[in-house]
Amino acid sequence: MKEIEVLIIGGGPAGLCAAAAAADLGAGVLIIERDDKLGGQLVKQTHKFFGSRKQYAGERGYQIGNLLIEQCSTKAKVEVWSGTTALGIYEDGVVTAEKNGQHLKIKPQKIIIATGASEKMITFPNNDMPGIYGAGAVQTLMNVHGIVPGQRVLMIGAGNIGLIVSYQLLQAGVDVAAIIEAAPTIGGYLVHASKIRRAGVPILTSHTIKEAYGGESVEGAIICQLDENWQPIPGSEEDLKVDVICLAVGLSPLTELCFQADCQMNYIPELSGHVPLRNDYLETTRPGLYVAGDVSGVEEASSAMVEGRLAGISAAYSLAYGKDVAPKLQAEALAELSELRAGPAGQKTMQGLKKLMEKGGAGC
């Protein structure tokens with residue numbers, strides 16, 4: 001049985017920031033990460049971040065990931081188990097995990113779940129054909145392994161992920177036939193959309209995919225226009241010859257462990273799915289269990305990093321570390337989150353958090 005003060009499940013941006021913050025206050029930390037390398041989604045992100053200097057504005061995602069990994073590697077209080085998958089969180093506080101075929105038991109005093117999110121999919125005829133990818137898979141192929149997914153791509157989804165991955169495909173020499181978006185407006189930042197349009201790629205709003213077709217793999221897609229009721233308009237079909245269809249239609253919080261740990265959960269569409277109720281300091285309805293990052297509601301990586309820091313500070317403070325400085329650090333993190341969520345881009349998140357508060361989140 002491995003005993004530790006703070007166990008962090010997930011070594012992405014939220015988990016790494018949580019580990020550094022808790023260790024800085026004096027708590028012993030163990031990170032378990034199912035992949036062989038820490039960094040989460042940051043390892044495949046080559047675009048520059050927005051925000052402020054505190055959120056590494058101007059740095060590219062993989063550079064931020066390397067920096068966070070390096071910060072944790074220099075802290076004697078942080079231990080890392082990579083290639084380790086969390087299996088369960090039980091009533092007696094024991095967490096089980098699997099590593100190299102071994103079944104492991106961990107007994108933490110506090111737990112921070114930072115498991116991130118998974119890609120959503122949509123249904124259409126032949127959506128299981130070879131050549132249909134999630135946007136995250138395309139990023140992994142190109143930016144981690146140096147492999148292009150094909151020669152001509154249809155991107156479905158004009159949020160930030162769809163726009164950014166489309167631009168990365170263009171940089172890799174792949175032709176992007178079009179970006180289609182079911183909503184009547186582009187969901188991502190206009191700065192990303194403008195780069196795509198300058199490159200000559202059409203962004204078709206109020207459009208969806210009707211079907212994919214091909215033999216052994218994708219050879220094309222039929223797209224069509226949608227009316228104001230989101231219904232296909234007869235006669236608006238268009239045939240695009242593509243060998244890749246990339247889906248960037250959103251993310252869902254990976255909350256299986258939260259459910260299994262008996263956290264009180266609620267479905268909040270604005271936060272992209274079922275999320276755990278938690279207080280301002282990210283402690284859930286299960287005492288001593290905290291959440292941070294996309295598992296608490298899908299946002300940008302900048303917010304995930306700040307939430308991770310807040311959860312790490314809160315977990316360490318609850319163990320009586322940092323009594324003189326922790327409240328100030330918590331207040332600073334909360335102020336940063338408010339700043340990141342201000343303005344039009346953060347309205348959806350704020351609406352979701354308001355709904356969560358109404359369901360008892362602030363007082364759990």
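In this predicted model, helix H1 (residues 13-24) and helix H7 (residues 301-318) pack at an angle of about 35°, and their axes are 7 Å apart. The crossing of these two helices is right-handed. From H1, the residues that make the contact are Pro13, Ala14, Cys17, Ala18, Ala21 and Ala22. H7 contributes Ala304, Met305, Gly308, Arg309, Gly312, Ile313 and Ala316. By character, the residues of the H1 and H7 contact divide into ten nonpolar, two polar and one charged.

Now let us turn to a sheet. Five strands make up an open sheet, in the order S8-S15-S9-S10-S11, with parallel pairing. Strand S8 (132-134) and S11 are the edge strands, each pairing on one side only. From one strand to the next, the twist averages 20°. As general background, strands of a sheet pair through backbone hydrogen bonds, either parallel or antiparallel.

Strand S15 (residues 244-247) has S8 as one of its parallel partners, and strand S9 (residues 152-156) also runs parallel to S15. The table sets out these two pairings.

| Strand joined to S15 | Bridges | Example of a facing pair |
|---|---|---|
| S8 | three | Tyr133 and Cys246 |
| S9 | four | Leu154 and Ile245 |

Which way do the residues of S15 point, and are they buried or exposed? Val244 and Cys246 point one way from the strand, Ile245 and Leu247 point the other way, and all are buried. In a regular strand, the side chains alternate between the two faces of the sheet. Helix H3 (residues 135-144) lies across S8 and S15, and H3 runs at about 90° to S8.

Another helix worth a look is H5 (residues 190-198), where His192, Ala193 and Ile196 are buried. Viewed down the axis of H5, these buried residues fall within an arc of 95°, so they line one face of the helix. What do they pack against? Their neighbours are helix H4 (160-171), strand S10 (175-181) and strand S11 (203-205). Two of these, S10 and S11, also belong to the five-stranded sheet. Leu190 and Arg198 are exposed, and they sit on the face of H5 turned away from its buried side. Just after H5 comes Gly200, which takes a positive phi of about 90°.

Finally, consider a single residue, Val95, which has its place in strand S5 (residues 95-99). Is Val95 buried or exposed? Its relative accessible area is 0%, so Val95 counts as buried, the cut-off being under 20%. Leaving aside neighbours within four places in sequence, Val95 is in contact with Leu7, Ile9, Gly88, Ile89, Leu104, Lys105, Ile106, Pro108 and Ile111. If you would like a distance to check in your viewer, try the C-alpha atoms of Val95 and Lys107: they are separated by 6.3 Å, while the two residues are twelve apart along the chain.

How values were computed: Residues are numbered from 1 along each chain as its sequence is written. This is a predicted model: local features need pLDDT of at least 70, side-chain atom pairs count only at pLDDT 80 or more; totals for chains, interfaces and linings use all residues. Side-chain values use heavy atoms; hydrogens and water are left out. Buried means under 20% relative accessible area, exposed over 50%, partly exposed in between (1.4 Å probe, protein chains only). The arc is that of the directions from the helix axis to the C-beta atoms. Contact means heavy atoms within 4.5 Å. Axes are lines fitted to C-alpha atoms, for helices over the stretch in contact, and angles run from 0 to 180 degrees between N-to-C directions. A crossing is left-handed if the near helix is turned anticlockwise from the far one by less than a right angle, and right-handed if clockwise. Ala, Val, Leu, Ile, Met, Phe, Trp, Tyr, Cys and Pro count as nonpolar, Asp, Glu, Lys and Arg as charged, and the others, Gly among them, as polar. Two strands pair if DSSP finds at least two bridges between them.
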